[in-house]
Amino acid sequence: MGKLKLYFSACLVVFVLCLLQLQFDYSKLWSGLFKLGNTISLMLPPDASQWQYVLSAAIESVQVAIIGTVLAIVCSFFLSFLAASNITPHPALSWAIRGICSLLRSIPTLIWVLIFIVAVGLGPLPGVLAIMIGAIGSLIKVFAQSIEEVDEGVIEALRATGSSWLGIVIQGVLPCALTALLAWCVMRFEGDLAESTILGTVGAGGIGYELSHAMRGYRYDQALFVGIVIFVMVFSVELVANRLKLKMAKRL
Amino acid sequence: MTLLQVEQLKKVYPDGTVGLKGISFELEAGEFVAVIGPSGAGKSTLLRCLNRMVESSSGTITLQGNTITKVKAKQLRAVRRKMGMIFQGYNLVARSTVLTNVLHGRLGYMNSLKGALGLFNKQDTELAKALLNKVGLSEQMYKRADELSGGQQQRVGIARALAQRPALILADEPIASLDPAASQTVMQTLYEACKADGIACLCNLHQVEVAKKFATRIIGIRAGEKVFDGAPEQLTDEMISYIYEGAKHEEAVGRKETA
């Protein structure tokens with residue numbers, strides 16, 4: 001109990017120090033509230049006049065998310081079996097893949113897209129690459145986790161038949177882990193779609209570009225329309241994804 | 001010819017625990033040998049050392065005249081497919097069909113890619129179906145393995161082991177998770193299948209009565225050492241209590257309940 005108190009007071013001290021150090025101007029909060037109200041009134045009613053551009057950009061975002069996620073799923077699928085500690089051909093290989101994944105994850109997608117824009121220029125391609133790299137980093141990790149949860153007995157039984165490594169993996173491990181892997185794929189696509197909408201703000205194509213374009217031109221009413229489209233897009237994908245996940249859970 | 005020769009087999013785990021303290025025995029073709037002893041005596045370790053799922057620390061294992069203690073990769077796969085294995089927890093692929101689970105017994109004979117893709121040839125499929133008929137499960141062939149009862153799943157396990165066309169079956173507590181009726185069916189199925197094809201069987205058992213009923217020979221193991229090796233008639237009550245002596249109290253109670 002004494003220790004808990006000590007930790008708590010330490011956290012409190014750190015928090016207060018941060019607050020003091022940053023020297024917020026609290027009067028701005030108040031004036032900001034009015035500015036925000038003003039901006040919101042500029043947003044209404046939403047302006048859908050540019051709908052052709054917005055919709056085609058939205059479709060581009062979805063396409064970027066689909067291609068990036070699918071490519072990532074394919075790469076991660078193969079690599080995760082090498083990374084899972086229970087069936088990896090060599091522990092060093094598992095560590096190497098996991099290490100690289102941590103590195104990929106530690107760099108945010110927005111930074112990846114800037115790197116790829118420098119490499120391959122503006123447009124949807126750097127967006128696809130950035131989404132793919134980010135998704136690979138997290139998918140290999142979660143795929144490997146699901147593979148590691150597969151019953152050790154099944155692996156042992158197939159090993160005892162004299163099966164090759166590939167035989168054990170595809171005939172034994174895969175059927176056991178498949179629903180979990182599919183659920184991760186669906187979840188990853190949800191996240192990637194949300195990310196692909198942002199990527200356009202830095203020039204990687206898609207609906208994000210429309211958003212930043214409207215904001216820079218102070219067309220807040222157009223920006224709101226773009227926002228609504230993004231919301232409908234992400235929300236409907238989530239609805240479908242939840243349905244899919246429920247179906248998968250039933251098959252378990 | 002002697003099928004299996006085990007000499008001075010020792011196993012010391014990395015943490016210093018001694019699993020086997022130098023066990024020697026021979027096994028002739030067609031023998032049905034029960035291995036009895038308390039939990040932790042080293043019965044499972046012994047079986048797993050034989051097909052090299054666990055690496056022994058020293059000693060030699062000779063199968064059909066070939067020393068297998070040091071073989072690697074491809075040869076090891078060939079050795080393993082000569083020894084079918086049956087597990088306490090059945091260890092079937094729950095989401096695959098019963099037929100596919102039996103066909104897994106053929107994976108040791110197939111090249112990597114064909115095996116992985118499940119491209120079993122016609123003879124293999126015929127064999128698997130015949131074996132399912134033999135263990136009385138041809139009706140359940142296309143059901144998912146986890147739809148079957150425990151006793152049925154273990155019979156699928158037996159069929160999978162038989163699909164390897166083995167010279168020897170290693171059965172690790174095959175009936176420990178089953179009720180008495182299912183236990184009886186499973187042991188009968190295993191015994192008859194081995195007898196019909198002249199397959200030798202090394203069967204770890206918890207229940208002395210079952211061991212006495214089916215085995216042609218009984219090996220008693222206590223704390224990693226072989227303390228009895230003889231015909232079931234020779235296994236006296238004194239010997240049984242010696243084998244299980246020193247085992248924990250709960251262990252003794254557990255044995256009475258399962259017996």
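This report walks through chain A, the place where chain A meets chain B, and one helix of chain B. Keep in mind that the model is predicted.

**Chain A on its own**

Let's start with the overall build. Chain A has 10 helices and zero strands, so if you read its elements from the N terminus on, you get α-α-α-α-α-α-α-α-α-α. How spread out is chain A, going by its radius of gyration? The radius of gyration is 24 Å, while the globule rule gives 18 Å for 252 residues; chain A is well over that figure and therefore more spread out than a compact globule. Along the principal axes, the C-alpha atoms of chain A fill a box of roughly 75 × 60 × 40 Å.

What about the inside? Of the 252 residues in chain A, 40% are buried. Now take the contacts in chain A between residues at least 6 apart in sequence: 75% of these join residues at least 24 apart.

**Where chain A meets chain B**

People often describe how big an interface is by the accessible area that is lost when the parts come together. Here are the basic numbers for this one.

| Item | Value |
|---|---|
| Residues of chain A in contact with chain B | 22 residues |
| Residues of chain B in contact with chain A | 29 residues |
| Area buried between chain A and chain B | about 2100 Å² |
| Share of that area from carbon and sulfur atoms | 54% |

Which side chains meet in a salt bridge? They belong to B:Arg48 and A:Glu156, with 2.4 Å from N to O. The rule finds one salt bridge across this interface. It also finds eight residue pairs in polar contact there, counting pairs with both residues at pLDDT 80 or more.

Which helices of chain A each supply at least two residues to the side that touches chain B? They are helix 7 (152–160) and helix 8 (165–199). Helix 8 of chain A gives the largest share of that side, with eight residues. Sorted by kind, the residues on this side of chain A come out as nine nonpolar, nine polar and four charged.

**A helix in chain B**

Now hop over to helix 1 of chain B, residues 43–50. Seven of its eight residues are buried, so this helix is largely enclosed by the rest of the structure. The buried ones are B:Lys43, B:Thr45, B:Leu46, B:Leu47, B:Arg48, B:Cys49 and B:Leu50. You've already met B:Arg48 as the salt-bridge partner of A:Glu156. After helix 1 of chain B comes B:Arg52, which has a positive phi, near 65 degrees.

Definitions and conventions
Residues are numbered from 1 along each chain as its sequence is written. Chains are lettered from A and ligands numbered from 1 in the order in which they are written. This is a predicted model: local features need pLDDT of at least 70, side-chain atom pairs count only at pLDDT 80 or more; totals for chains, interfaces and linings use all residues. Side-chain values use heavy atoms; hydrogens and water are left out. Contact means heavy atoms within 4.5 Å. Buried area is the accessible area (1.4 Å probe) that two parts lose on being put together, summed over both. A salt bridge is a side-chain nitrogen of Lys or Arg within 4 Å of a carboxyl oxygen of Asp or Glu. A polar contact is a pair of N or O atoms within 3.5 Å; within protein, one must be able to donate a hydrogen and the other to accept it, and residues adjacent in sequence count only if both atoms are side-chain atoms. Helices (H or I, at least four residues) and strands (E, at least two) are DSSP runs, numbered from the N terminus. Ala, Val, Leu, Ile, Met, Phe, Trp, Tyr, Cys and Pro count as nonpolar, Asp, Glu, Lys and Arg as charged, and the others, Gly among them, as polar. The radius of gyration is taken over C-alpha atoms; the globule rule is 2.2 Å times the number of residues to the power 0.38. Buried means under 20% relative accessible area, exposed over 50%, partly exposed in between (1.4 Å probe, protein chains only).
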